[in-house]
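Work through these exercises with the model open. Try each task before reading its solution.

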Amino acid sequence: MKHMGFCLVVIIALSFSCKSSKNILTASQIEEFNALISSRNYTIESNWAQPQLTAATAQVLNSGLLPPGSNAGAINLVGNSNFFTIKGDSVTSYLPFFGERQMQVAYNGTDSAIQFNGLMEDYEEKVGKNDRKIISFNAKSNNSENFNVIVVVFPNMKSQIILNGTSRFTIRYSGEVSPIDETKNQS
């Protein structure tokens, strides 16, 4: 009987601790979010990189060279310079790449990060579940590698960027969206 009472208390405690705590946004916050994404004038700073995990990637990334709190499947980017900016029909980025390459890279080492600085092609924006925006397009990196890009932006301003290149394995970045600060560019 004592055991049954203890189990009942544990079940009740678990049901209260597992209660969903949804962050409810107001209509004006969702409207502001929709306006920002529709304006195509925002930037994303990533906190995490999640490379496609292969045996070779795991072996290298688990060698102890990663920042604290990181592992082969999730690399902490906090403190590392990175950005992904959409402004009008253009995309610019500097995203560190972790993962496997399928083709030879340049000897000077200038193409290790994923860098865009050009126009987006086949831009498409859809509304997904819970008001999220799903943006897809094609872009060419500075070293002429073609990428399929999918950006998922949530109303709470969190984001996922999924990059699938012609010579690199897929990688995903998690971060936060913010409007472009025009005052930073005025010097």
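**Exercise 1.** Decide whether N130 is buried or exposed, then place N130 and describe its backbone.

Solution. This is a predicted model. Start with the accessible area: for N130 the relative value is 55%. Exposed means over 50%, so N130 is exposed. Next, the location: N130 sits in the loop between β6 and β7 (133-140). Last, the backbone: phi of N130 is positive, about 60 degrees, although N130 is not a glycine. Most residues other than glycine have a negative phi.

**Exercise 2.** Repeat the analysis for D122: in which strand does D122 lie?

Solution. D122 belongs to strand β6, residues 121-127. Its relative accessible area is 60%, so D122 is exposed. Phi of D122 is near 55 degrees, a positive value in a residue other than glycine.

**Exercise 3.** Check the span of helix α2 (residues 27-39).

Solution. Helix α2 has 13 residues. At 1.5 Å a residue, the expected span is 18 Å. The end C-alpha atoms lie 18 Å apart, so the two values agree. Just after α2, R40 takes a positive phi of about 50 degrees.

**Exercise 4.** Which residues of α2 are buried, and what covers them?

Solution. First, list the buried residues: F33, L36 and I37. Look down the axis of α2: the buried residues fall within an arc of 95 degrees, so they line one face of the helix. Now take the face turned away from that buried side: A27, E31 and E32 are exposed there. Finally, find the cover: the buried residues of α2 are covered by elements including β1 (41-51), β6, β7, β8 (146-153) and β10 (171-179).

Conventions:
Residues numbered from 1 in each chain as written. Predicted model: local features only at pLDDT ≥ 70, side-chain atom pairs only at ≥ 80, totals over all residues. Heavy atoms only, no water. Helix = DSSP H or I, 4+ residues; strand = E, 2+ residues; numbered from the N terminus. Buried < 20%, exposed > 50% of the residue type's maximum accessible area, 1.4 Å probe, protein only. Expected span 1.5 Å × (residues − 1). Arc of directions from axis to C-beta. Contact = heavy atoms within 4.5 Å.
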